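User: Can you walk me through this model? I'd like to go topic by topic.

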Amino acid sequence: VWKDSIKEVGMKIAIGADHGGFELKEFLKNQYASKGTTLIDLGTYSEESCDYPLIADKMAQEINGGKADLGILICGTGIGISIAANRHKGIRAALLYSDEAAALAREHNNANIAVFGARTQKKEDVLRYLEIFLATPFSDGERHCRRIAEMG
(Lines give C-alpha, C1' and ligand atoms only; values in the text may rest on other atoms or scores of the structure.)
Protein backbone atom coordinates (compact mmCIF):
# COMPACT_ATOMS: atom_id res chain seq x y z
CA VAL A 1 0.00 0.00 0.00
CA TRP A 2 1.58 3.24 -1.13
CA LYS A 3 1.08 6.32 0.98
CA ASP A 4 0.26 9.68 -0.56
CA SER A 5 1.81 11.50 2.40
CA ILE A 6 5.18 11.85 0.65
CA LYS A 7 3.71 13.78 -2.27
CA GLU A 8 1.31 15.76 -0.08
CA VAL A 9 3.97 17.25 2.17
CA GLY A 10 6.66 17.40 -0.49
CA MET A 11 9.04 15.26 1.50
CA LYS A 12 12.49 14.98 -0.06
CA ILE A 13 14.00 11.50 0.14
CA ALA A 14 17.54 10.71 -0.93
CA ILE A 15 18.68 7.22 -1.90
CA GLY A 16 22.16 5.78 -2.19
CA ALA A 17 23.80 2.38 -2.53
CA ASP A 18 27.10 0.73 -3.13
CA HIS A 19 27.57 -1.73 -5.99
CA GLY A 20 25.95 -4.53 -3.96
CA GLY A 21 22.80 -2.45 -3.52
CA PHE A 22 22.68 -0.88 -6.98
CA GLU A 23 19.96 -3.20 -8.36
CA LEU A 24 17.69 -2.70 -5.31
CA LYS A 25 18.26 1.07 -5.46
CA GLU A 26 17.15 1.15 -9.09
CA PHE A 27 14.13 -1.02 -8.24
CA LEU A 28 13.04 1.37 -5.48
CA LYS A 29 13.56 4.41 -7.69
CA ASN A 30 11.33 2.86 -10.35
CA GLN A 31 8.65 1.87 -7.83
CA TYR A 32 8.48 5.42 -6.46
CA ALA A 33 8.64 7.04 -9.90
CA SER A 34 5.60 5.01 -10.95
CA LYS A 35 3.75 6.59 -8.02
CA GLY A 36 4.85 10.12 -8.92
CA THR A 37 7.67 10.48 -6.39
CA THR A 38 11.27 11.09 -7.35
CA LEU A 39 14.05 9.93 -5.05
CA ILE A 40 17.25 12.01 -5.02
CA ASP A 41 19.87 9.58 -6.35
CA LEU A 42 23.26 9.90 -4.62
CA GLY A 43 24.85 6.98 -6.46
CA THR A 44 26.38 4.63 -7.18
CA TYR A 45 25.33 4.58 -10.79
CA SER A 46 26.50 1.10 -11.82
CA GLU A 47 27.45 -2.29 -10.45
CA GLU A 48 31.14 -1.37 -10.62
CA SER A 49 32.80 -1.82 -7.23
CA CYS A 50 32.73 1.26 -5.00
CA ASP A 51 33.18 2.10 -1.32
CA TYR A 52 30.02 2.34 0.78
CA PRO A 53 31.49 4.85 3.29
CA LEU A 54 31.62 7.44 0.50
CA ILE A 55 27.92 6.90 -0.27
CA ALA A 56 27.07 7.16 3.45
CA ASP A 57 29.08 10.41 3.66
CA LYS A 58 27.07 11.86 0.74
CA MET A 59 23.84 10.90 2.47
CA ALA A 60 24.89 12.52 5.76
CA GLN A 61 25.75 15.73 3.91
CA GLU A 62 22.40 15.67 2.09
CA ILE A 63 20.38 15.24 5.30
CA ASN A 64 22.46 17.46 7.57
CA GLY A 65 22.52 20.12 4.84
CA GLY A 66 18.71 20.11 4.61
CA LYS A 67 18.61 18.94 0.99
CA ALA A 68 16.76 15.75 2.00
CA ASP A 69 14.35 15.04 4.85
CA LEU A 70 14.97 11.31 4.97
CA GLY A 71 17.28 8.81 3.32
CA ILE A 72 17.50 5.24 2.10
CA LEU A 73 20.85 3.44 2.06
CA ILE A 74 21.60 0.01 0.66
CA CYS A 75 24.61 -2.29 0.62
CA GLY A 76 24.97 -6.06 0.53
CA THR A 77 23.87 -6.66 4.11
CA GLY A 78 23.02 -3.13 5.22
CA ILE A 79 25.49 -3.43 8.09
CA GLY A 80 28.55 -1.67 6.67
CA ILE A 81 26.65 1.29 5.26
CA SER A 82 24.73 1.64 8.58
CA ILE A 83 27.98 1.83 10.52
CA ALA A 84 29.42 4.34 8.05
CA ALA A 85 26.33 6.57 8.19
CA ASN A 86 25.94 6.49 11.97
CA ARG A 87 29.39 7.92 12.59
CA HIS A 88 27.99 11.30 11.45
CA LYS A 89 26.44 13.60 14.07
CA GLY A 90 22.70 14.00 13.53
CA ILE A 91 22.35 10.78 11.57
CA ARG A 92 20.22 7.92 12.88
CA ALA A 93 20.41 5.14 10.31
CA ALA A 94 18.37 2.04 11.12
CA LEU A 95 18.69 -1.35 9.46
CA LEU A 96 15.07 -2.37 8.91
CA TYR A 97 14.44 -6.11 9.09
CA SER A 98 10.81 -6.44 10.24
CA ASP A 99 7.54 -4.51 10.30
CA GLU A 100 8.04 -3.78 14.00
CA ALA A 101 11.62 -2.57 13.53
CA ALA A 102 10.47 -0.29 10.69
CA ALA A 103 7.81 1.32 12.88
CA LEU A 104 9.89 1.60 16.04
CA ALA A 105 12.88 3.04 14.20
CA ARG A 106 10.72 6.11 13.50
CA GLU A 107 8.41 6.07 16.53
CA HIS A 108 11.07 5.68 19.23
CA ASN A 109 14.36 6.62 17.56
CA ASN A 110 13.26 9.21 14.98
CA ALA A 111 15.55 7.46 12.50
CA ASN A 112 16.24 9.60 9.46
CA ILE A 113 17.72 6.88 7.23
CA ALA A 114 16.20 3.50 6.40
CA VAL A 115 18.86 0.90 5.60
CA PHE A 116 18.49 -2.35 3.69
CA GLY A 117 20.61 -5.34 2.71
CA ALA A 118 20.22 -6.17 -0.97
CA ARG A 119 21.66 -9.68 -0.55
CA THR A 120 19.73 -10.48 2.61
CA GLN A 121 16.24 -9.07 2.00
CA LYS A 122 13.43 -9.64 -0.50
CA LYS A 123 12.30 -6.67 -2.58
CA GLU A 124 8.68 -7.00 -1.47
CA ASP A 125 9.75 -6.95 2.20
CA VAL A 126 11.93 -3.88 1.60
CA LEU A 127 8.97 -2.07 0.01
CA ARG A 128 6.73 -2.93 2.97
CA TYR A 129 9.31 -1.93 5.59
CA LEU A 130 9.96 1.34 3.77
CA GLU A 131 6.26 2.20 3.62
CA ILE A 132 5.88 1.49 7.34
CA PHE A 133 8.96 3.60 8.08
CA LEU A 134 7.68 6.53 6.01
CA ALA A 135 4.15 6.35 7.43
CA THR A 136 5.15 6.19 11.10
CA PRO A 137 5.57 9.48 12.96
CA PHE A 138 8.02 10.10 15.79
CA SER A 139 6.22 9.73 19.11
CA ASP A 140 7.89 12.84 20.56
CA GLY A 141 7.71 11.23 24.01
CA GLU A 142 9.97 12.69 26.70
CA ARG A 143 12.10 9.57 27.11
CA HIS A 144 12.61 9.24 23.35
CA CYS A 145 13.58 12.91 22.96
CA ARG A 146 15.97 12.62 25.91
CA ARG A 147 17.68 9.54 24.44
CA ILE A 148 18.04 11.11 21.01
CA ALA A 149 19.55 14.24 22.59
CA GLU A 150 22.02 12.03 24.49
CA MET A 151 23.25 10.65 21.16
CA GLY A 152 24.02 14.13 19.88
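**Backbone, core, pocket and charges**

Analyst: Let's start with one loop residue: Asn110 sits in the loop between H5 and E5. Keep in mind that this is a predicted model.

User: What is the phi of Asn110?

Analyst: Positive, about 50°, although Asn110 is not a glycine. Most residues other than glycine have a negative phi.

User: Is Asn110 buried, partly exposed or exposed?

Analyst: Asn110 is partly exposed, because its relative accessibility is 22%.

User: Which other non-glycine residue has a positive phi?

Analyst: Asp140 has one, near 65°. Asp140 lies in the loop between H6 and helix H7 (142–151). With a relative accessible area of 54%, Asp140 is exposed.

User: Where is there a cis peptide bond?

Analyst: Between Gly43 and Thr44, with omega about -5°. Thr44 is in the loop between strand E2 (40–41) and helix H3 (52–64).

User: Switching to the core. How many residues are in the largest nonpolar one?

Analyst: It has 23 residues. Those with the most contacts inside it are Leu28, Ile72, Ile74, Leu96, Phe116, Leu130 and Phe133.

User: Which elements supply at least two residues each?

Analyst: Strands E1 (13–17), E3 (70–75) and E5 (113–117), plus helices H2 (22–33), H5 (99–107) and H6 (123–135). H6 gives the most, with six residues. There is also a second, separate core of 17 residues, which includes Ala14, Ile63, Ile91 and Ala93.

User: Back to E3. How many of its residues are buried?

Analyst: Six of its six. Both faces are covered. Leu70, Ile72 and Ile74 are buried on one side, and Gly71, Leu73 and Cys75 on the other.

User: Which strands pair with E3?

Analyst: E1 pairs with E3 in the parallel sense, over five bridges. Leu73 in E3 is the bridge partner of Gly16. E5 also runs parallel to E3, again joined by five bridges. There, Ile74 stands opposite Phe116 in E5.

User: New topic, pockets. What is the volume of the largest pocket?

Analyst: About 190 Å³.

User: What lines the largest pocket?

Analyst: 15 residues. Asn86, Arg92, Ala93, Asn109 and Met151 lie nearest its centre. The lining divides into ten nonpolar, four polar and one charged. Strand E4 (93–95) and H5 each supply at least two lining residues. E4 gives the most, with three.

User: And charge pairs. How many salt bridges are there?

Analyst: The count is nine. One of them joins the side chains of Lys25 and Glu26, at 2.8 Å from N to O.

User: Are Lys25 and Glu26 buried or exposed?

Analyst: Lys25 counts as buried, because its relative accessibility is 0%. Glu26 is partly exposed, at 22%.

User: What does Lys29 pair with?

Analyst: Asp41, with the closest N and O atoms 2.6 Å apart. Lys29 is in helix H2 and Asp41 in strand E2, so this pair ties together parts twelve residues apart in sequence. Lys25, Glu26, Lys29 and Asp41 are linked in a network of salt bridges.

User: What about Asp57?

Analyst: Asp57 forms a salt bridge with Arg87, with the closest N and O atoms 2.6 Å apart. Asp57 lies in helix H3, and Arg87 in the loop between helix H4 (79–86) and E4, so the pair ties together parts 30 residues apart in sequence. Arg87 counts as exposed, at 54% relative accessibility.

Conventions
Residues are numbered from 1 along each chain as its sequence is written. This is a predicted model: local features need pLDDT of at least 70, side-chain atom pairs count only at pLDDT 80 or more; totals for chains, interfaces and linings use all residues. Side-chain values use heavy atoms; hydrogens and water are left out. A nonpolar core is a set of buried Ala, Val, Leu, Ile, Met, Phe, Trp, Tyr and Cys residues joined through side-chain atoms within 4.5 Å. Buried means under 20% relative accessible area, exposed over 50%, partly exposed in between (1.4 Å probe, protein chains only). Helices (H or I, at least four residues) and strands (E, at least two) are DSSP runs, numbered from the N terminus. On a 1 Å grid over the protein atoms alone, a cavity is a set of points where a 1.4 Å probe fits but cannot get out, and a pocket is an open set with protein on both sides within 12 Å along at least five of seven lines; lining residues have an atom within 4 Å of a point. Grid points are joined across faces, edges and corners, and a volume is the space filled by probe spheres set on the points. Ala, Val, Leu, Ile, Met, Phe, Trp, Tyr, Cys and Pro count as nonpolar, Asp, Glu, Lys and Arg as charged, and the others, Gly among them, as polar. Two strands pair if DSSP finds at least two bridges between them. A salt bridge is a side-chain nitrogen of Lys or Arg within 4 Å of a carboxyl oxygen of Asp or Glu.
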